[in-house]
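This briefing introduces a protein model to a reader who has not met it before. Please view the sequence and the structure together before turning to the points that follow.

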Amino acid sequence: MLDKFNELPNWISRGLDDLFPCDFSGDSDQSFLKRLELSSIEKKPLRVKLGIDPTGTDIHIGHSILFRKLRAFQDFGHTAVLIIGDFTARIGDPTGKSKTRIQLSKDEVESNALNYLEQLGLGREPENSLLDFSTPGRLEIRRNSEWLENLDLSKVIELLSNSTVGQMLAKEDFSNRYKSGTPISLHEFLYPLLQGYDSVAINSDLELGGTDQKFNIAMGRDLQRAFGQQPQFGMLLPILVGLDGKQKMSKSLDNIVGINEDSLSMYSKLEKVPDDLVFSYLNLLTNENLKTLSSNPREVQKFMALKITSNFKGIEAAKKAQFNSEKLVSGAQDSLEEMPEASISNVNFPAKAFYLLSKMEMCSSSSEARRQILGGGVRIDGDKILDPNLEFDTPDDLIGKILQVGKKKFIRVSN
């Protein structure tokens, strides 16, 4: 936490990377503390915006940082306004992209959106979900097609008049593409304007985003001012570094922990997080007191894995995952209490080892499966296999056995 945020309550400042405007001088309308105070005096909850473009299907723990902060505002009596970018997702956020994104259909976006909401806790009690879906007044779910789908040309022109080509090209992603000669489609310039107009449509007091979203959030402030509203504050949170310890957590980089993963897989991945990331994972993904941590790095790593797993799966499942992980490492598979299962029904026999791993999605491809086997990273019931062409004649050779790839992937083979 930066020193300049010391005046904020800990539930707000924890993990915070940036707040703008940031003025703690008292009565200034640039003071977020003043906005909080007025909210309390007037008994008018802040409207806290978080927009998600459902261009994928899975939420990982890196995404959950923003949802955890949104949940904190809910728990302190404010209104979370979760905007499903069902319209803007058809354009796609150009942030971080080196080329124009493929546009999704309306049906694809809606299917992804429903998947997201289920993962966030739709239909579950607040204590078992990332967001509180059931307490009255704590959550609004809005789709931005409500106000964007029927914008007429005059309104679009009005939006465009509030930005310049220079502003757009100052955005790092656009700037890099322009300098390299990579095409920028005109519709991509619309994305930050439409996303900013969301803030106008829902009269946002505060918008949450990752550190790569400052341009888009600032655009929302500009548009609110142009439409006669009090501009929102922007609150930026860090982008989680993935399991490789180098790049941001991303499915395309295969360095993620998905919130829907089974508890053993989740715990086993987290337990292997590089030492220099353990503190940030605890800071961003738990509410634990960081001043009381053990001085033993290995104990802190296991503690982090247990706490984060318990946040998503419950403490009993997390403890069971820890127990099973220790048994797997020691080779005592017979005493495992629980193991995720995967069906072998879509594998054609006889099957070679490299094909088996690829077909059961333990490896991303046959070539990766070969590399894992030749590198000594594959075991069946604790026994290492080193021949990619080792052949299994029938399913009976494998059913009931534990298939392990590396230190993070384990399944029990089933019918």
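Which residue in S13 is the bridge partner of Ala342? The bridge partner of Ala342 is Val413. The model described here is a predicted one. The briefing takes up two sheets, a helix that lies across one of them, a pair of packed helices and a loop residue.

**The sheet that contains S7 and S13**

- This open sheet is built from 5 strands, which follow the order S7-S13-S12-S9-S10 with mixed pairing.
- Strand S7 (341–343) and strand S10 (383–384) form the edges, and each has a single partner strand, so one side of each has no neighbour in the sheet.
- S7 is paired with S13 in the parallel sense, over 3 bridges.
- Strand S12 (residues 402–405) and strand S13 (residues 409–414), by contrast, are joined in the antiparallel sense by 4 bridges.
- Within S13, Arg412 is the residue that stands opposite Ile402.
- As a general point, strands of a sheet pair through backbone hydrogen bonds, in either a parallel or an antiparallel manner.

**The sheet that contains S1 and S6**

- Another open sheet has 6 strands in the order S1-S6-S5-S2-S3-S4, and its pairing is mixed.
- At its edges are S1 and strand S4 (139–143), each of which pairs on one side only.
- On average, and with direction ignored, neighbouring strands of this sheet are turned by 20 degrees against each other.
- The pairing of S1 with S6 is antiparallel and extends over 3 bridges.
- Phe20 has Gly234 in S6 as its bridge partner.

**Helix H10 and its surroundings**

- Helix H10 (residues 214–226) contains 13 residues and spans 18 Å from its first C-alpha to its last, close to the 18 Å expected at 1.5 Å a residue.
- H10 lies across S1, S5 and S6, and runs at about 20 degrees to S1.
- The buried residues of this helix are Asn216, Ile217, Met219, Gly220, Arg221, Leu223 and Gln224.
- These buried residues of H10 are covered by elements that include three strands of the sheet, namely strand S1 (18–20), strand S5 (206–210) and strand S6 (233–237).
- The cover also includes helix H6 (153–160), helix H7 (165–170) and helix H9 (186–202).
- Gly228, just after H10, adopts a positive phi of about 80 degrees.

**The packing of H12 and H13**

- Helix H12 (residues 275–285) packs with helix H13 (residues 297–313) at an angle of about 35 degrees, and their axes are 10 Å apart.
- The two helices, H12 and H13, cross in a left-handed manner.
- On the H12 side, the contact is made by Asp275, Val278, Tyr281, Leu282 and Leu285.
- On the H13 side, Val300, Gln301, Phe303, Met304, Ile308 and Asn311 take part in the contact.
- By character, the residues of the contact of H12 with H13 comprise 8 nonpolar, 2 polar and 1 charged.

**Leu151 in its loop**

- Leu151 belongs to the loop between helix H5 (145–148) and H6.
- When residues up to four places away in sequence are not counted, Leu151 touches Val156, Leu159, Leu194 and Tyr197.
- Leu151 and Phe392 are 241 residues apart along the chain, and their C-alpha atoms are separated by 61 Å.

Note on methods. Residues are numbered from 1 along each chain as its sequence is written. This is a predicted model: local features need pLDDT of at least 70, side-chain atom pairs count only at pLDDT 80 or more; totals for chains, interfaces and linings use all residues. Side-chain values use heavy atoms; hydrogens and water are left out. Two strands pair if DSSP finds at least two bridges between them. Axes are lines fitted to C-alpha atoms, for helices over the stretch in contact, and angles run from 0 to 180 degrees between N-to-C directions. A crossing is left-handed if the near helix is turned anticlockwise from the far one by less than a right angle, and right-handed if clockwise. Contact means heavy atoms within 4.5 Å. Ala, Val, Leu, Ile, Met, Phe, Trp, Tyr, Cys and Pro count as nonpolar, Asp, Glu, Lys and Arg as charged, and the others, Gly among them, as polar. The expected span of a helix is 1.5 Å times one less than its number of residues. Buried means under 20% relative accessible area, exposed over 50%, partly exposed in between (1.4 Å probe, protein chains only).
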